[in-house]
Amino acid sequence: MNVGITCYPTYGGSGIVATELGMELAGRGHEVHFITYANPIRLDPGIPRIHYHEVEVATYPLFQYPPYSLALASRMADVAESYQLDLLHVHYAIPHSISALLAQQMLAPQRRLPFVTTLHGTDITLVGSDASYFPITKFSIERSDGVTSVSEYLRRQTVEVFGVRNEIRVIPNFVNCDLYQPDNAKTGAAAYAPAGEKLLIHLSNFRPVKRAADCIRTLAEVRKSVPAHLLMAGDGPDRGAAEHLAHQLKLDRHVTFLGKQNHIERLLPLAHVLLLPSALESFGLAALEAMACGVVPVATRVGGVAEAVTDGEDGFLEAVGDIEAQAARAASLLADENLHYRMAKAGRWNAAARFCSDKIIPLYEKYYEDVVNAAP
Ligand code: GMT
């Protein structure tokens, strides 16, 4: 198939899923056209059958807000026509879904261009529910030719919040199990933990919903019983506050802020435990990537996280903000090698059995076929 993919190309789970999906589809023989305002962060443009089309947003003194959605719609229509796209697949409803609808209508006299919208999380739970975006988000979901969500939780939320009636197919997030592998020797960990400390890791875009500061507080608690070092990977608005807190708690030497990382698959296997203290996650992709690498997630019991992490079997789920409980779980994993070994093994096993690319990508392919072949 010829597939057009649009996503936010910067940091954020939806862009990562879209990019990994595009690369997997190209690996399976599809022609994949990314239509975005910048090269998606994990995209390797050198991969055969991957094409990248940049959306240029012209500015003019009249525009206080340059109309990105319109520039995107024009580019989508243009690429769809030039490369004979079979469908568009947009990730994150706002504004991508509306741009796709416009592109579809622009081409309607000559050809059919169906589009699939994948809901990822904050497009429903935060931004889309805001009064200013609610009607247009609902409209865009209703007018999509296909809608998928990354968890059953998010599907339920969408139906409940928006009252939409069209089918929403749950296609969970996935991980490339060949790329994301455990490293039992933890090769390279000494660079961060020269005295053999155990490594905790947090990986996010440091938005308020991620509660990055909780990781610092958890480290402080853990270090009361186990020597540990924390890696903070990623960047975003709350990074400064987390750095400040580490300084206040005299933990500077025990935390490394790594900034944005391109090869998470090389970094994750160094750690023993992933800290994911989010206020909300519709899925929790970082937890899945960690499990594939034999890193045990200590996460919060929110949203769709329990669909990926089985509490007590391959990770631990605690209440949001309960630092004591989260730290106790992390410390128990660092102090007890048998417990860690058992849970890390279960995590790898569950990730491989349920969420590897080779299990999930065919679900998207099948869905594309259904949408393309459906009567208009
Ligand atoms: O919070 C983020 O990382 C951004 C956000 C997005 O929509 O880009 O992530 C959401 O999508 C990810 C991929 O499907 C999910 O794994 C995250 O759980 C979800 N984030 C939230 O729901 C807060």
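User: Where in the chain does Pro-95 have its place?

Analyst: Pro-95 sits in the loop between E4 and H3. Those labels are DSSP runs numbered from the N terminus: helices are H or I with at least four residues, strands are E with at least two. This is a predicted model, where local features need pLDDT of at least 70, side-chain atom pairs count only at pLDDT 80 or more, and totals for chains, interfaces and linings use all residues. Numbering runs from 1 along each chain as its sequence is written, and side-chain values use heavy atoms, with hydrogens and water left out.

User: What makes the peptide bond from Ile-94 to Pro-95 stand out?

Analyst: Omega is near -10° there, and the bond is cis. Most peptide bonds are trans.

User: How do you know that H3 has the span expected of a helix?

Analyst: The expected span is 1.5 Å times one less than the number of residues. H3 (residues 96–107) has 12 residues, giving an expected 16 Å, and the first-to-last C-alpha reach is 17 Å, close to that.

User: Why is H3 called largely enclosed?

Analyst: Buried means under 20% relative accessible area, exposed means over 50%, and partly exposed lies in between (1.4 Å probe, protein chains only). By that cut-off 9 of the 12 residues of H3 are buried, so the rest of the structure largely encloses it. Among them are His-96, Ile-98, Leu-101 and Leu-107. The cover includes strand E1 (2–6), helix H2 (68–82) and helix H5 (134–143), with contact meaning heavy atoms within 4.5 Å.

User: What puts the buried residues of H5 on one side or on opposite sides?

Analyst: The buried residues of H5 are Thr-137, Ser-140 and Ile-141. They cover an arc of only 100° around the axis, so they lie on the same side of H5; that arc is taken from the directions from the helix axis to the C-beta atoms. These residues pack against H3, E5, helix H4 (122–125), strand E6 (146–149) and helix H6 (152–162).

User: Why does Glu-20 count as buried or exposed?

Analyst: Glu-20 has 12% relative accessibility, so it counts as buried. This residue lies in helix H1 (residues 13–27) and touches Arg-42, Phe-174 and Tyr-180, leaving aside residues up to four places away in sequence.

User: And what makes Lys-250 buried or exposed?

Analyst: Its relative accessible area is 70%, so Lys-250 is exposed. Lys-250 also has a positive phi of about 55° although it is not a glycine. Most residues other than glycine have a negative phi.

User: How do you know which category Arg-211 belongs to, given its relative accessible area?

Analyst: At 30%, Arg-211 is partly exposed. Arg-211 has a positive phi too, near 50°.

User: How do you know which residues surround the ligand?

Analyst: A residue is near a molecule if one of its heavy atoms lies within 4 Å of it. There are 19 such residues, and the closest are Ser-14, His-120, Asn-173, Glu-281 and Ser-282.

User: What links Ser-14 to the ligand?

Analyst: A polar side-chain atom of Ser-14 is 2.7 Å from a ligand oxygen. A polar contact is a pair of N or O atoms within 3.5 Å. Asn-173 has a side-chain N or O atom 2.9 Å from an oxygen atom of the ligand, while Phe-283 has a backbone N or O atom at 3.1 Å from one. The protein covers 95% of the 490 Å² of accessible area that the ligand has on its own, by the Shrake-Rupley method with a 1.4 Å probe.

Note on methods:
A polar contact is a pair of N or O atoms within 3.5 Å; within protein, one must be able to donate a hydrogen and the other to accept it, and residues adjacent in sequence count only if both atoms are side-chain atoms.
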